Amino acid sequence: MAVLVIADHNNVELNAATRNAVTAALELSSNVSVLVTGYQCQAVVDQVAKIEGVGQVLVASHPSQQHFLAENQSLCISSIAKEFSHVVAPATSMGKSVMPRVAAQLDVQQITEITKIFDENTFERPIYAGNAFIKLVSSDAIKVITVRATKFVSAIDGNNVAPTKDIEANFDAQLSKFIGAESSKSDKVELTTAKVVVSGGRGLASEENFGLIHQLAEKLNAGVGASRAAVDAGFAPSDCQVGQTGKVVAPDVYIAIGMSGAIQHLAGMKDSKMIIAINKDPDAPIFQVADIGMVGDLFEVVPEMIAKLA
Ligand SMILES: Cc1cc2nc3c(=O)[nH]c(=O)nc-3n(C[C@H](O)[C@H](O)[C@H](O)COP(=O)(O)OP(=O)(O)OC[C@H]3O[C@@H](n4cnc5c(N)ncnc54)[C@H](O)[C@@H]3O)c2cc1C
């Protein structure tokens, strides 16, 4: 068995979730290659080559791969997929966009966001927004898989430097065109890798009040999360959204403030090691998953916490 992992990156830095996908791949086989598609992405190739357990790094570098257009990237992956028994990517925006295309091109079923590996054909994945898990057996010749990063530990750097090999990278499906990119620059702690996350909900009532979440997060060196209701109301940007249609996080500590604990929100944070909830409603469902719950008005409790931490 040979497993191919698709690296998620921005041509400069490897997305940490790739390391979790490498760990999943190593559970399947010791023969693990990582494919880096992109352009002028040597820095990423160097980072991947150092990961313990990576046997080789395949490099597909070409202007057609520079902006990670899913139509072009999937053609590149499919062109070599038949050499592998499994093609694995982290369930990031990249993985979710590219891997269904790869599966369609290979005429196999995509296996989405696995949380456990039983053997090379048998996997666990969540259904119904994480309220149930199924154990599935795939009979496809090539398994095309996305991996829930929070369920596999991060592969670390070893003493090895894996060999690299250039592969054909000129794939332009001519179905999409890169126009431009706007990304927010922030020196804040990255939500998906933060050890502590402070998350705010509709209870904050305004964007201005949501500043309390930022202040508390700063004191705790934490990432900032939000419920969809808070994002939809414009209190927080959409990249803060945690949940079924947002990010999945599993920090050491998750502090849920002014949010009810809807199942769609829990789907994104209930694997956190410790959940602390602050809500004025003692019957709020968030208290059912909380390890520590405080019934109180967040506008009294949170400023007090900030003052104490100062
Ligand atoms: C298909 C689908 C996908 C979805 N995906 C997501 C998702 O990814 N993430 C997500 O979060 N939601 C998602 N939702 C929305 C979800 O169902 C809830 O509507 C949302 O999570 C509610 O957000 P909330 O808890 O902030 O707001 P509310 O449910 O309105 O809760 C606000 C809470 O704040 C408390 N509160 C109010 N004032 C105070 C105060 N002064 N002090 C203390 N507590 C106070 C209230 O008691 C209440 O419990 C999805 C829904 C659907 C249908």
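Student: Why is the pair formed by the backbone of Gln244 and a ligand oxygen called a polar contact?

Tutor: A polar backbone atom of Gln244 is 3.0 Å from an oxygen atom of the ligand. A polar contact is a pair of N or O atoms within 3.5 Å, so this pair counts. This is a predicted model, where local features need pLDDT of at least 70 and side-chain atom pairs count only at pLDDT 80 or more, while totals for chains, interfaces and linings use all residues. Residues are numbered from 1 along each chain, and side-chain values use heavy atoms, without hydrogens or water.

Student: Which side chain has an N or O atom 2.8 Å from a ligand oxygen?

Tutor: That is Gln264. A backbone N or O atom of Arg228 lies 2.9 Å from a ligand oxygen. On its own the ligand has 990 Å² of accessible area (Shrake-Rupley method, 1.4 Å probe), and the protein covers 76% of that area.

Student: Which elements give two or more residues to the shell around the ligand?

Tutor: They are α6 (228-232), α7 (263-266) and α9 (298-309). Helices here are DSSP runs of H or I, at least four residues long.

Student: What makes a shell residue charged, and how many are there?

Tutor: Asp, Glu, Lys and Arg count as charged. The shell has five of these, beside 14 polar and six nonpolar residues.

Note on methods: Polar contact = N/O pair within 3.5 Å; in protein donor to acceptor, adjacent residues only side chain to side chain.
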